[in-house]
Amino acid sequence: MRTLALFLALLGSLPTARSQSEPPTLYAAVVEAKTFIVGAANAPSGLHRFEGDTTWTHLGWATLRDFGVAADPHDPGTLYLAAGNGVLRSADEGASWRVTTGWQITEVLDVAVDPNAPGHVVLASAYGVWRSPDQGETWTRSNDGIEPLPFTQSIAVDRTHAGRVIVGSEHGLYLSTDGAQHWTPVGPRDVPIRSVRQSVAELSRWLAGTQDHGVLRSTDGGATWQAASGALADETIYAVAFDPTDSNRVAAMGFHTGCYVSTDSGRRWHRTEGLADASVHALAFDPIQPGRIWAGTIGRGVFSSDDGGRTWAHRGLAGATVYELAFIGGTP
């Protein structure tokens, strides 16, 4: 009996699968503060990690113009930043960083990691696309097929097929099926693309936010695209997002647009007046709190809404221009 009691006591002291689980962490890519003054002691830009309520922890360089963040699914703890001076990589969850790119690569506006091809990283910049097969150790410029100018602002890797990538340029969307080596135009031409996102639950569904043309929608993995109709058809949409807890719920926001939400995967949209006086450049649904929307603004920091965008609560980083919000990591 003493042996059994000792065994049960030891078993009870072991961590269970539930206690070992960790929720994803919210990160904000901050370009600068609204009150930025050259030569002054400004609030830090760069990468910030949400700690709760309105508290954020700054990670890495204090004066970095950070346009985006991506995690390496093959290498836990490895993060990449899309920044004004290139791509930075951290192998210790943001404790330390180093620039992986040379002087040729600047004004990087987005970065993505291929979950089906270990080590493969792609970036979108003001001068086009670059790709790396070795976690950013070496880079090759890859603009074959992107015409006439290679200004690219958003890039996303298809989670269903290795080497399948979609990039948004100032002249439209381009698709690559060979790891960003060659590109084919897809969707309407001469439509400036501001953001590209793939659904978490329904991987064949994609959304793209545009300049003055509302939202584009694809249901076949990005091969074809249709323009959304209705009130948002002529809006400038900086950010789009899929709800990971509801495959049919999506959201879109942009330049003084208010919040557009669809409950049928983007076929029909409903607009609320919440944050209508703000420009929203980053958007994310909370994977833990169903229905919660997070918004990163230009010059006003971060907000969240629990009622479909009708009302918003300020969640910190006052005065910051937030270019991306991303939930990263977590264990089941």
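In which strand is the place of tyrosine 80? Keep that question in mind while you take in the whole chain, remembering throughout that what you have open is a predicted model.

**The whole chain**

Start with a cartoon view of everything, where the secondary structure comes to 2 helices and 28 strands. The chain has 332 residues, of which 52% count as buried, and its accessible surface comes to about 14800 Å², with 53% of that surface belonging to carbon and sulfur atoms. If you consider the contacts in the chain with a separation of 6 or more, residues 24 or more positions apart account for 43% of them.

**Tyrosine 80**

Now select tyrosine 80, whose place is in strand β5, made of residues 79-83. Tyrosine 80 counts as buried because its relative accessibility is 0%, where the cut-off for buried is under 20%. Leaving aside its neighbours within four places in sequence, tyrosine 80 is in contact with a list of residues that includes Gly68, Val69, Ala70 and Asp72, and also Val111, Val113 and Gln135. Add glycine 68 to the selection and draw a line from C-alpha to C-alpha: glycine 68 and tyrosine 80 are 12 residues apart in sequence and 8.3 Å apart in space.

**A hairpin: β2 and β3**

Next select residues 46-52, which form strand β2, together with residues 55-59, which form strand β3; these two strands run antiparallel and are joined by 5 bridges. One of the bridge partners to look for is threonine 55 in β3, which is paired with glycine 52. The hairpin has 2 residues between its strands, and aspartate 53 in this hairpin takes a positive phi near 60°.

**Histidine 120**

Move on to histidine 120, found in the loop between β8 (108-113) and β9 (121-125). Is histidine 120 buried, partly exposed or exposed? With a relative accessibility of 34%, histidine 120 counts as partly exposed. Not counting residues up to four places away in sequence, histidine 120 touches Ala112, Val113, Asp114, Ser132 and Pro133. Select glycine 163 as well, since this pair is 43 residues apart in sequence while the C-alpha atoms of histidine 120 and glycine 163 are 8.6 Å apart in space.

**Three places to look at the backbone**

Most residues other than glycine have a negative phi, and most peptide bonds are trans. With that in mind, visit three loops in turn.

- Select glutamate 147 and proline 148, where the peptide bond from the glutamate to the proline is cis, with omega near -5°; proline 148 sits in the loop between β11 (140-141) and β12 (152-157).
- Select aspartate 212, which has a positive phi of about 70° although it is not a glycine. Aspartate 212 belongs to the loop between β17 (206-210) and β18 (215-218), and it counts as partly exposed at 42% relative accessibility.
- Select serine 265, a residue other than glycine whose phi is positive, near 65°. Serine 265 is placed in the loop between β22 (259-262) and β23 (270-272), and at 2% relative accessibility serine 265 counts as buried.

**An open sheet**

From serine 265, widen the view to the open sheet of 4 strands with antiparallel pairing, whose order is β20-β21-β22-β23. Strands β20 (237-242) and β23 stand at the edges, and because each has a single partner strand, one side of each is left without a neighbour in the sheet. On average, and with direction ignored, neighbouring strands of this sheet are turned by 20° against each other. Between β20 and β21 (residues 250-254) you can follow 5 bridges in the antiparallel sense, and in β21 the bridge partner of alanine 239 is methionine 253.

**The largest pocket**

Finally, show the surface and turn to the largest pocket, in which about 1400 Å³ of space lies. Its lining is made by 46 residues, and those nearest the centre of the pocket are Ala71, Ala326, Phe327, Ile328 and Gly329. Several strands each supply at least two residues of this lining, among them β1 (25-33), β4 (66-71), β16 (193-198) and β24 (280-285), as well as β8, β12 and β20 from earlier stops. Which strand gives the largest share of the lining of the largest pocket? The largest share, 5 residues, comes from β28, the strand you can select as residues 320-328.

Definitions and conventions
Residues numbered from 1 in each chain as written. Predicted model: local features only at pLDDT ≥ 70, side-chain atom pairs only at ≥ 80, totals over all residues. Heavy atoms only, no water. Pairing = 2+ DSSP bridges. Buried < 20%, exposed > 50% of the residue type's maximum accessible area, 1.4 Å probe, protein only. Contact = heavy atoms within 4.5 Å. Areas by Shrake-Rupley, 256 points an atom, 1.4 Å probe, with all protein chains shown as cover. Axes fitted to C-alpha atoms, helices over the stretch in contact; angles between N-to-C directions. 1 Å grid on protein atoms, 1.4 Å probe; cavity = no way out; pocket = protein on both sides within 12 Å on 5 of 7 lines; lining within 4 Å. Points joined across faces, edges and corners; volume = space filled by probe spheres on them.
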